[in-house]
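Visitor: I am new to this structure and would be grateful for a close look at one part of it. Please concentrate on the salt bridges.

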Amino acid sequence: MDSNPILEVSDLTQQFRSGDRQLTVLDHISFSVEEGTTCSIVGPSGSGKTTLLGLCAGLDRPTAGEVTLNDIPLGPLSEDERAEVRNKYVGFVFQTFQLVPTLTALENVMVPLELRGVKTAEVKEDARQLLAEVGLEERLHHYATQLSGGEQQRVAIARAFINKPKILFADEPTGNLDTETGGTIEKLLFDLNTINGTTLILVTHDLSLAEQCRRTIHLKNGAIERDERTGQPKMDQVNR
Amino acid sequence: MAWRDARSNKKRLFVYISAIIIGVAAQVAITSFRDSLNTTINNQSKELLGADLEIETEQPFPDTLRLYAESLGGEQATITEFPSMVFFPGNGATRLSNIRALEGNFPFYGILETRPSEAAQQFKTDSSALVDQTLLTQFGLSVGDSVKVGEVTFPIGGAITKVPGEAAAASMVGPRVFIPQTLLDSTRLVQRGSRIEYKRYFKFDDNRDLEPIEAKLDSLEDHLRIDIDYETVEERREEIGEAVGNLGKFLNLVGFIALLLGGIGVASSIHVYINQKISTASVLRCFGASSDQTMSIFLIQSVILGFLGALSGTLLGVGLQYLLPALVSDFLPVDVELTVSWFSIGLGLFTGTGVALAFALMPLLALRKASPLYALRTLEESITSLLSHKVKFLIYGVIVLTVFGYATLLTESWRVGGLFTLGMIAAFGLLLLVARLLMKLVRRYFPSHWPYVWRQGLANLYRPNNQTATLMLSLGLGMLLVSTLYFSQDMLMEELDFATRDDAPNLIFFDIQPDQNEGLNQLLEEEGLPILQNVPMVTMRLDSLRGRSTRAIAEDTTSEVRGWALQREYRSTYRDSLVDSETLLKGEWIGTADPSRGAVPVSAAQEIAEDLELEIGDSLTFDVQGVPVQAYVGSIREVDFRRVQPNFFMLFPAGVLEQAPQIFVTVTRTPNREVAAGTQQAMVQDYPNVSAIDVSRILETINRFIDDISFAIQFMALFSILTGLIVLASSVATSHFQRVRESVLLRTMGASKKQIIGILSVEYLFLGLLSALTGLILSLSASWLLGYFYFDIVFVPNFWVIVIGTMLITGLTILIGMLNSRSIYRRTPLEVLRTETT
């Protein structure tokens, strides 16, 4: 099945200055990801996975190269304009859950749409529905500290899907969970991805999780070492 | 290890100790200033009196006394001092002043400072007068203009800028006018019934022992049956030293409050800091460190931090003391020579470190209880929850005892120290209670349909390990002090504002001689002014009470009768009926009496009856200017002394005092200031000895005086607000990483910079508003109670005090909060993906 790329990364380079030294974290990376697919980014520690994910999501500006998300080139956008893009098209799931500690589960899920200015009453029902889908209908008014790790991550997933994102970025989503809970979270992620037709890009150390994706990009020393596709062949171009 | 751990937190730790720095600085500045003041008073003790000995009577020295005084030798000078109206012919202004007719070279020590300086000597020979600079400034006059004192018009030879031993503020109450003694009689102001003080000053070059002189004066007092007051340098020094000591004690307590607030700031910060350090401590425990070793790391940090804070505060305080004289110099009788006080430096270092340590005790002891398990799992609640109630109460006990001990040390009285401690516990406890109650109410009733930015901003106040209650306590205390100060000032002014009431008297004439009474009344009628009261006044003293001489009662240590009531000069009136400011409480009012038929019934005011422990029927003997009058207490009445009219402690019936030497007091009401000034001018021209009190001018003086003394309370409020803002800055620093995490998380989810700034602003806005409200609730309650029980008026809060106070606290909170949050909203969202480090 051919479809348009939702994410295009072209000649992406990211460098940091550390004292007198220039560190190259990402080195001329190019690839594109089609809408609706699942893609994992794997690699050893320090290979640049998280930096790549952040740049893809427009969380930072690259030293060189371009990222195009949903046909929008992120390069010329200001931070606030990129925030608007994220708010409309992007969802996030983090390894450390990252719930706002002062808000309840329900309020946490509502945040992305509320930031967009949607009225609270309109958001509330959708958030309730999503929390029910992740099995937390009984925990709506609990604060983060009152929830277990697995429950917190489920809230985070519900929050990631509330704005019906076109693309979901997940950074080690099961990294802080036991195998059983991790399995539940993985299932939720993939199920919701299928139901909503969202593109899923996840960074992981867990090869069994990576294998569940239709495509796996292996990073090493800031460059793409290997680009593997399973299932239906893709038209992804890998350039170095 | 303590150092290794601290070096990575230098900036944050510095903010923690800022609160201590401010508190210690206040304390050291005040103690140093007090010490400098004491040293100055000791060094300039002779200048305080201007002589070695002063003898004072309220009548011309009888011959025996005069001869004795002359026999004492040395250098002598005399001053005849009395209040009188002065008139400035140049612009027609009049003012009740303190006239001093001087003969001789007083002051013998110190300098009567005048502008030009030679005027201080010249006026004695060239028949000019010296006039207080404040009076000249007030009326736009200058040296060379004229002043009329009684019937003599003097050229103004110089402006008085300083009289040794007298505070500049004295001129506010009674501006001083010096004239040569040789012209006193020509003024024709010295008449019977006038209140005149006759003072004689001595300078002895032979360092003689003054005790025999004092003994002789005592015996002369008994023998001559007149009041002879005397004062030596030592007595004056003690008197002023005591007054200054009281001021110093009060200011010291003010400084101590600032230090306590600093302590609470440190407690709050160390608490959060150690809560965050619990995993470090637990890891150390896992590697085999004992609980004592672990605690020592943070104990050493706390002690060193406390000491560094105390050291910086001490240095700042030593510098700050140079600012204090400018604030209080008007109230001091000496020019303070500022010196470095080693005692205050030592005290600052010791208390700063001690307070930091005392307030850090709770989290430090809790750390000992922290299990190594917390290296593996997070402690969700506060670290102090690990302590048992018993230990907590023990620590609170230590803190309370420290406060009590220190306050007792400062005030040299365990009672005052105890009251101060109880007051602090009550004030802090109430503030904390109101703060917590408000936080609960706001959270519960905050409308859930409000925009997200508002709800998130508010929710931020409730983040884990928040310091909201502490912030509300210190900022609220600032608001409490500022608003109570202004509310009470308002009430006081309202209470005093009788001059604006339509029917209230506002101009009082006194020292009217009997032969002038009719003429003056006529003058008022011609001016179209009503005579609201015209009463005779007879001066007398109490000679015996219930058959015992007043002297015997005064010397009787078992007697509880108040000395001042026995010895004072009574100015009484006589009439056949009570007036509307008087209500009979006990006994029977008898309107007329005949002294030839035995003791006459007098009516005593409730206040004097209490001080003299009078009961109906008690016998009294009055010495009416040499004539004994037998009386008994016929009735006790309540007198509304707040009325602007002559009120009397002792009221005689008609038929007793008519023939006694007397003066009259007349009360009138003028429609405006111009008429008041015109009437006084006319009166001074015709009756120069008659004095006038313009009530509206007194009000102005009181207002100015209150403004001046309220500095101390403003100073205290300033410190508490400053400490509150430092605690706020420290709290923002403490929760910095949490805030960064929250804001970058929101950025990741699409929040704009404007929204992040909005959320932070709302958080600080709520913090400021809630703090102001905390202080305001207590302030309104305190003011209402004060109005109800003390001023006896219905308290109506001043809207502007509320609005401006709230805006000030809230504005400062937002400003400091946002300034300290700049780095938070500048972060890129990528940090949300990075592992957090402290």
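**Salt bridges in the predicted model**

Guide: The model shown here is predicted. Over all chains, 36 salt bridges are counted. In general terms, side chains of opposite charge can pair when their charged atoms come close.

A suitable place to begin is chain B, where the side chains of Arg100(B) and Glu81(B) form a salt bridge with an N to O distance of 3.8 Å. This pair connects distant parts of the chain: Arg100(B) belongs to strand S3 (residues 93-103) and Glu81(B) to strand S2 (residues 75-88), the two being 19 residues apart. Both Arg100(B) and Glu81(B) are buried.

Another pair in chain B is Lys586(B) and Glu615(B), whose closest N and O atoms are 3.8 Å apart. Lys586(B) sits in strand S15 (residues 582-587), and Glu615(B) in the loop between helix H21 (606-611) and strand S17 (619-624), so this salt bridge ties together parts 29 residues apart in sequence. Lys586(B) is partly exposed because its relative accessible area is 40%, and Glu615(B) likewise counts as partly exposed, at 45%.

Some salt bridges share partners, and in this way Glu81(B), Arg100(B), Asp132(B), Glu166(B), Arg176(B), Glu197(B) and Lys199(B) are joined into one network.

Chain A offers a further example: the side chains of Arg226(A) and Glu228(A) meet in a salt bridge at 3.1 Å, N to O. Arg226(A) is partly exposed, with 38% relative accessibility, and Glu228(A) is partly exposed too, with 35%.

How values were computed
Residues numbered from 1 in each chain as written. Chains lettered and ligands numbered in written order. Predicted model: local features only at pLDDT ≥ 70, side-chain atom pairs only at ≥ 80, totals over all residues. Heavy atoms only, no water. Salt bridge = Lys/Arg side-chain N within 4 Å of Asp/Glu carboxyl O. Buried < 20%, exposed > 50% of the residue type's maximum accessible area, 1.4 Å probe, protein only. Helix = DSSP H or I, 4+ residues; strand = E, 2+ residues; numbered from the N terminus.
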